Amino acid sequence: FSNKIKTGKLWGIISKEIKNIRIRQNEKFPQLVLKDIDLKSDKIILPEQKIVLIDFWFSRCKPCLVQLPKLKEIYERFASTNKFEIIGISTDTSINIDLWKKRVNDNQLKWKSFLDENALESNKEKIRSFPTNFLVDANGVVIKKNISLLDLEEFLNKNLK
């Protein structure tokens, strides 16, 4: 970009917004403070020495709900290796908290579920399409954003032998 653009007001705003994003590829996933299923404040602490899929979704998101059976299948297959985990982060609004809890229970989600009520943290991270996921390596470093479930399966098959 030209110096004229880089010294403009809009460039400054965009640059600041980008610098404030904490979830970045090749960097450690931040310890976000969200609510657990009982609505108590809880810090996300990634399990040590596990590959983790962090899945951002919400209870009225059709594509999110459609992928749940396959996600559950992958979880069932690879969680038993003790080297893979999923963390779900719902961005539901305050009015939909009961629906979020119902979706977690009805779908029998066995992984830890967190609530980013009203998407406060997600908005800071510019997560605005759903589902959005981040694949994190055994050291807590983000290695891929929005990995497809097919690619996730392939990755886990190669890396969790």
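1. F78 is a residue of helix α3, in what is a predicted model. With a relative accessible area of 4%, F78 is buried, because buried is taken to mean under 20%. Apart from neighbours within four places in sequence, the contacts of F78 are with F84, E153, L156, N157 and L160. One of these partners, E153, is 75 residues away from F78 in sequence, yet the two C-alpha atoms are 9.0 Å apart in space.

2. The surroundings of F78 lead on to the nonpolar interior. The largest nonpolar core comprises 24 residues, and L53, F84, L152 and L156 are those with the most contacts inside it. At least two residues of this core come from each of β3 (51–57), α3 (62–79), β4 (84–90), α4 (97–106) and α6 (149–159), and the largest share, 6 residues, is that of α3. Such an arrangement can be set beside a general tendency: in soluble globular proteins, nonpolar side chains tend to be buried together.

3. L152 deserves a separate look. When its neighbours within four places in sequence are left aside, L152 is in contact with L53, I74, F84, L135 and I147. There is also a second, separate core, which has 16 residues and includes L34, V52, I87 and F134.

4. Which residues of α4 are buried? They are I97, L99, W100 and V104, and because they cover an arc of only 160 degrees around the axis, they lie on the same side of α4. The elements that cover these buried residues include β3, β4 and β5 (112–115). On the face of α4 turned away from its buried side, the exposed residues are D98, N105 and D106. After α4 comes Q108, which has a positive phi, near 50 degrees.

5. A further residue to inspect is T91, in the loop between β4 and α4. Is T91 buried or exposed? T91 counts as buried because its relative accessibility is 7%, and the cut-off for buried is under 20%. Beyond its neighbours within four places in sequence, T91 is in contact with F56, W57, F58, D116, N118, A119, S122 and F130. T91 and F114 are separated by 23 residues in sequence, and their C-alpha atoms are 8.8 Å apart in space.

6. The pocket should be described with its lining. The largest pocket holds about 190 Å³ of space, and it is lined by 14 residues, of which K28, L46, P47, N139 and G140 are the closest to its centre. Sorted by class, this lining consists of 6 nonpolar, 4 polar and 4 charged residues.

7. Finally, the overall organisation. The secondary structure amounts to 6 helices and 7 strands, and the order of the elements from the N terminus on is α-α-β-β-β-α-β-α-β-α-β-β-α. Of the 161 residues in the protein, 41% are buried. Among contacts with a separation of 6 or more, 73% join residues that are 24 or more positions apart; the pairing of F78 with E153, 75 residues apart in sequence, can be read alongside that figure.

Notes:
Residues are numbered from 1 along each chain as its sequence is written. This is a predicted model: local features need pLDDT of at least 70, side-chain atom pairs count only at pLDDT 80 or more; totals for chains, interfaces and linings use all residues. Side-chain values use heavy atoms; hydrogens and water are left out. A nonpolar core is a set of buried Ala, Val, Leu, Ile, Met, Phe, Trp, Tyr and Cys residues joined through side-chain atoms within 4.5 Å. Buried means under 20% relative accessible area, exposed over 50%, partly exposed in between (1.4 Å probe, protein chains only). Helices (H or I, at least four residues) and strands (E, at least two) are DSSP runs, numbered from the N terminus. Contact means heavy atoms within 4.5 Å. On a 1 Å grid over the protein atoms alone, a cavity is a set of points where a 1.4 Å probe fits but cannot get out, and a pocket is an open set with protein on both sides within 12 Å along at least five of seven lines; lining residues have an atom within 4 Å of a point. Grid points are joined across faces, edges and corners, and a volume is the space filled by probe spheres set on the points. Ala, Val, Leu, Ile, Met, Phe, Trp, Tyr, Cys and Pro count as nonpolar, Asp, Glu, Lys and Arg as charged, and the others, Gly among them, as polar. The arc is that of the directions from the helix axis to the C-beta atoms.
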